[in-house]
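Work through the exercises below with the sequence and the model side by side. Try each task before reading its solution.

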Protein chains: 2
Amino acid sequence: MTTAYSQLRATFTRLSRFTHLSAVAGWDMQTMMPPEGSKARSEALAELSVLHHQILTAPKVGEWLEQATQEDLNDLEQSNLREMARQYRHSALLPESLVEAKSLAGARCEHAWRRQRPANDWEGFADNLREVVKLSRQEATLRAEAAGISRYDALLDLYEPGMTAQKLDGIFGELKSWLPQLLQTVVEKQRAIDFVQPHGPFAIDKQKALGLNVMKRLGFNFDAGRLDISAHPFCGGVPQDVRITTRYNENEFITAMMGVIHETGHARYEQNLPKEWLGQPVAHARSMGVHESQSLLFEMQLGCSERFLKSIFPLVIEQFGEREGLDVTNFINLNQRVQPGLIRVDADELSYPAHVILRYEIEQALIEGEIEVEDIPALWSSKMQQYLGLDTVGNYTNGCMQDIHWTDGGFGYFPTYTLGAMYAAQLFQTANKAIPTLQDDISRGDLTALFQWLNQNIWQHGSRFSTDQLMKNATGETLNTDYFRKHLESRYL
Amino acid sequence: MTTAYSQLRATFTRLSRFTHLSAVAGWDMQTMMPPEGSKARSEALAELSVLHHQILTAPKVGEWLEQATQEDLNDLEQSNLREMARQYRHSALLPESLVEAKSLAGARCEHAWRRQRPANDWEGFADNLREVVKLSRQEATLRAEAAGISRYDALLDLYEPGMTAQKLDGIFGELKSWLPQLLQTVVEKQRAIDFVQPHGPFAIDKQKALGLNVMKRLGFNFDAGRLDISAHPFCGGVPQDVRITTRYNENEFITAMMGVIHETGHARYEQNLPKEWLGQPVAHARSMGVHESQSLLFEMQLGCSERFLKSIFPLVIEQFGEREGLDVTNFINLNQRVQPGLIRVDADELSYPAHVILRYEIEQALIEGEIEVEDIPALWSSKMQQYLGLDTVGNYTNGCMQDIHWTDGGFGYFPTYTLGAMYAAQLFQTANKAIPTLQDDISRGDLTALFQWLNQNIWQHGSRFSTDQLMKNATGETLNTDYFRKHLESRYL
């Protein structure tokens, strides 16, 4: 019998095939495509995205979703149905005219931003951003009305289902109560350390070889993925073929190496999503926050730990040989250096939350209509002063114009970075308790047990559970900021 | 007013965007994709191909095509309409069940062939090939009935519109009347030459650098294309972003270099198709034969000429330095060596037509039902003996199982190789007359005038004219085998 659920299953399988093609073409655009291919590629991707939207929001899909709730489904099928309904709701809510207008305004704003940011041209940028904010508010209003929640919560739900501004206010409020003081203490403490920049150049092919060796150590499956170069590191592709990237600078190798470790965390999550469910929504990674928890577990919890850095130091020497400044203590110090700065993407793990909280507070007020675009610079400067003690007055380039996220209306995304950092701390400490040998394992470079634990507790579940449920199953409780505090204190104090 | 023609235009623009995505994903599959990505990629491409077929063969398209013939269209629009109708006819003719059955049988046959060929397993291969032939005959019958032409002609028309077995019999008959004797004479003559294999190894990065430099010399636009590596060289991508490939062997560099020159000929055709018409059928390359004429003009007419080889010899030395066997005379000799052998893809330009004629005669009889699969080996051996004086009895691996073309039913394609070689000779000799300085230009490495001539006479016209008309406009006459004979005699006698 053809059930409504089986029709949905076939439809989402079909959609996942189109997603596969846009993932490959998108990856290619960032890594391989010569400049003149750009227009045709964008048009091809837009055409596919229109098709995807049409298939997903066809009236039949709505009917099947309703009928399927009456059908006899097992647990996993019910989770799958819930995720199908979520995708349908998110897409079907918006009139095509709004989707198109937002996409155009976003493309225009982002395009101009690439010139305006280096020119510190806030006025020019604000003109375009106003349109993006207007359309994002319209989007948020439609989503909010349908879901019976606030406007900003409706956007948060796109990236971190179930998360709300109220919860975030609590979580970030707690961080704000102890993090600034801790940061100051650590900065003071590190004054005593003599950080030495290892002597370059570090040839790009050797940096690449180091990255590949570290990926091997981290269990990356090279039969189902690749490492390439792009302007901004990312993890793309599809679960069967995960494409990560990094960028190289001959003067130093740590940034590229840590980029690889971070993206490998994302990649292993993707490579270990439930195989037999691939193509169905339940097999997707749970959320942006959980995705970031895996990359930050790899990069920060594991990657920047003393034991891990010691364990990979021979791989570093293997590529670059003995050099001035390339001793293991300095290597660890450089990776654990705390240095508040203006730029989020360069921030250490102690400063990073301040960057995110600042953005969260501004974008939340912006979407709720409490502030306007012209209020951003003053708020940015005052919060930067308050949270990190840095002056950004008049510096838009490295202030409120530094990120790409707002240019195309990605409001609600920023919080997932710090949620990810906190989930990562909670998961890693739980894994440490569950695996008594873990610290020794790390020193020996044998991460099998850790990866087994992550697979059993996170990777293999895809979107089967809500984030809260996933964290409860894995750690016995929902998000608890104590783990993050404990991690930072034990590493940096 | 929305005309039927404008509806068609929009539909074909949309189709070209999907073709763009399958071109990128197809290129990636051959050059970048790790093995575990294969299944999902094939499924995604198949899904897109089903979609493409559905859009192209929708009843509306048929109606619009009929209505548009009554609309007021200019010359180019009429050519575009003719090409649209051609695509529609080719796709709409076949029932989906036959398309699917042929695609499955082809995939099965090709897959098994990869094992069977090295194992010299003709019996195993023949079992699968029988099914492919059966379905190809069904396809040919449907196409033939609709067009009122013979079965094999209907397949020829897919690759070389307007070509017929009757014309081919004439053309190939002529070649057969003088080529075997010429070949023998040249082989005799070359006995006097001492061919020396230049001393390797030839590092792959240096071979690549040489290839890139030669591509620059040949006017390849690197802002709209790339060079990569694949098991079999090809030219893929889209006109705005042309992807060519070659393969490297450290022991010798000439094969990879000549592969690059050949594919650059295809690439420049693609890169110079009429820009303002891209996305429409009239902007496609005219035919497989004309496409091959461009690659062979680059590789054989230009690339293997004494003047050109002399002009790029410094680029060779720049990469590899002075070495044993690497002098300019020997470099020219190696590129003009005539050595009949069993393998088509390794054949020199004098032996190549024999390989093609042999295949043409067999596949034509096979499709017309005059012979059966089991007759192939004996025919192959007798023709190989007759045309090239070589014995292939019992050697299926390097005999009738050497090519991939028949495995998935690509009957009708082989003749385009030799048609391309003959078009190339005709075009190049005409260009030589039109550009009095051409031979000196080649020696100086300045190919501007040649490329201008090709652009004016071939590239920019896309599919505006029939092949016969295109050749007439460019050279004053339709295909004439005298040019090819003259070329071979002047180079080799």
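**Exercise 1.** In strand 2 (residues 235–238) of chain A, find which side chains point to one face and are buried, and which point to the other and are not.

Solution. Strands are DSSP runs (E, at least two residues) and helices are DSSP runs (H or I, at least four), numbered from the N terminus. Buried means under 20% relative accessible area, exposed over 50%, and partly exposed in between (1.4 Å probe, protein chains only). The side chains alternate along the strand: Gly236(A) and Val238(A) point to one face and are buried. Cys235(A) and Gly237(A) point to the other face and are not buried.

This is a predicted model, in which local features need pLDDT of at least 70 and side-chain atom pairs count only at pLDDT 80 or more, while totals for chains, interfaces and linings use all residues. Residues are numbered from 1 along each chain as its sequence is written, chains are lettered from A and ligands numbered from 1 in the order in which they are written, and side-chain values use heavy atoms, with hydrogens and water left out.

**Exercise 2.** Determine how strand 2 of chain A is joined to strand 3 (residues 241–246) of chain A.

Solution. Two strands pair if DSSP finds at least two bridges between them. Here there are four bridges, and the strands run antiparallel. Within this pairing, Gly236(A) has Arg243(A) as its bridge partner. The connection between the two strands is a hairpin through two residues.

**Exercise 3.** Explain why the salt bridge between Arg14(A) and Glu47(B) joins two chains.

Solution. A salt bridge is a side-chain nitrogen of Lys or Arg within 4 Å of a carboxyl oxygen of Asp or Glu. Between Arg14(A) and Glu47(B) the N to O distance is 3.0 Å. The pair joins two chains because Arg14(A) lies in helix 1 (residues 4–31) of chain A and Glu47(B) in helix 2 (residues 38–56) of chain B. Arg14(A) is partly exposed at 25% relative accessibility, whereas Glu47(B) is buried at 12%.

**Exercise 4.** Locate the salt bridge of Glu306(A) and Lys310(A), and state how exposed Glu306(A) is.

Solution. Their side chains meet at 3.4 Å, N to O. Both residues lie in helix 12 (residues 306–320) of chain A, four residues apart, about one turn of the helix. Glu306(A) is partly exposed, with a relative accessible area of 44%, and Lys310(A) is partly exposed at 45%.

**Exercise 5.** How many salt bridges does a search of the whole structure find?

Solution. The search finds 64 over all chains.
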